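Here is a short tour of a ligand site and a helix pair. Have the structure open as you read along.

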Amino acid sequence: MTVVRQMIESWRHVFKLDPDRDISEEELRAVCQSGTDAILVGGSTGVTYENTSLLLSRIQDYGVPCALEVSDLTAVVPGFDAYMIPMVLNTPDPAWIIGHHRRGVERYGDFIPWELLLAEGYIVLNENSAVARLTGADTGLSADEAAACAHVADKLMALPIVYLEYSGSFGDVETMKTVRDAVSHARLFYGGGVAGPEQAQLAASLADTVVVGNIVYSDIERALSTVEAVKQTALFKE
Ligand code: 1GP
């Protein structure tokens, strides 16, 4: 197991920060010192080398593990602890499964720190999210269809992460449970609409790692409250 694969094993709670959105120093300090396990830097639009590198240098002041979720080949900044590479499993557009990835390898070749990379098998299920629009994801999947995607990622592709992504709204619990049962080897990340302790507990009972994004920018106190809620919740496994 690689060092980064081992590192994510201990991640129960993660804040996702968008380089294209403003966050005050006071709020950033609170987020980084909240007891969260890591900061994931990423966004679907407006991510540049400059704003990514600025956010990384600000986060590095606090010593919390920091990973980049690569969404734009022009914004790959060195210095992160890990690089998460999304592969969207429920899009008909191969660009988001292998196309950009192949171009990245062609472009960066020998400079790629392979030992720091982690592929994420994304299942994108909120039709109103920027990521769904960008990738053309088929968000109308049933619970069983989403679970089939998870099986492909977990077993056929042997990806280290399955990421159930509802960005912007809380997920369908039946789907979350069905996907949970389909994942045996990968770490299951859940993200979307976790806006306080109640959703944080529910998500933490069904996923290995809970990702909290938007609420940081609208209600910092509620965002911070998700850390303890996740940490105090046991993962439910049948
Ligand atoms: C987004 O999964 C993350 O990529 C978190 O979702 O912003 O809705 O918390 P929210």
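Helices (H or I, at least four residues) and strands (E, at least two) are DSSP runs, numbered from the N terminus. This is a predicted model, in which local features need pLDDT of at least 70, side-chain atom pairs count only at pLDDT 80 or more, and totals for chains, interfaces and linings use all residues. Residues are numbered from 1 along each chain as its sequence is written, and side-chain values use heavy atoms, with hydrogens and water left out.

Let's start at the ligand. Strand E6 (161-165) and strand E8 (209-212) each give at least two residues to the shell around the ligand. Among the residues around the ligand (a heavy atom within 4 Å) are Lys 16, Tyr 163, Glu 165, Val 211 and Val 212. Sorted by class, this shell has three nonpolar, seven polar and two charged residues, where Gly counts as polar, Tyr and Val as nonpolar, and Lys and Glu as charged.

Oxygen atoms of the ligand also pair with polar backbone atoms (N or O atoms within 3.5 Å):

| Backbone partner | Distance to a ligand oxygen |
|---|---|
| Gly 193 | 2.8 Å |
| Gly 213 | 2.9 Å |
| Asn 214 | 2.8 Å |

The protein covers 92% of the 300 Å² of accessible area (Shrake-Rupley, 1.4 Å probe) that the ligand has on its own.

Now for the helices. The axes (lines fitted to C-alpha atoms over the stretch in contact, with angles from 0 to 180 degrees between N-to-C directions) of H8 (residues 197-206) and H10 (residues 220-231) come within 8 Å and cross at roughly 35°. In this contact (heavy atoms within 4.5 Å), H8 contributes residues including Pro 197 and Ala 204, and H10 residues including Arg 222 and Val 230.

How values were computed
A polar contact is a pair of N or O atoms within 3.5 Å; within protein, one must be able to donate a hydrogen and the other to accept it, and residues adjacent in sequence count only if both atoms are side-chain atoms.
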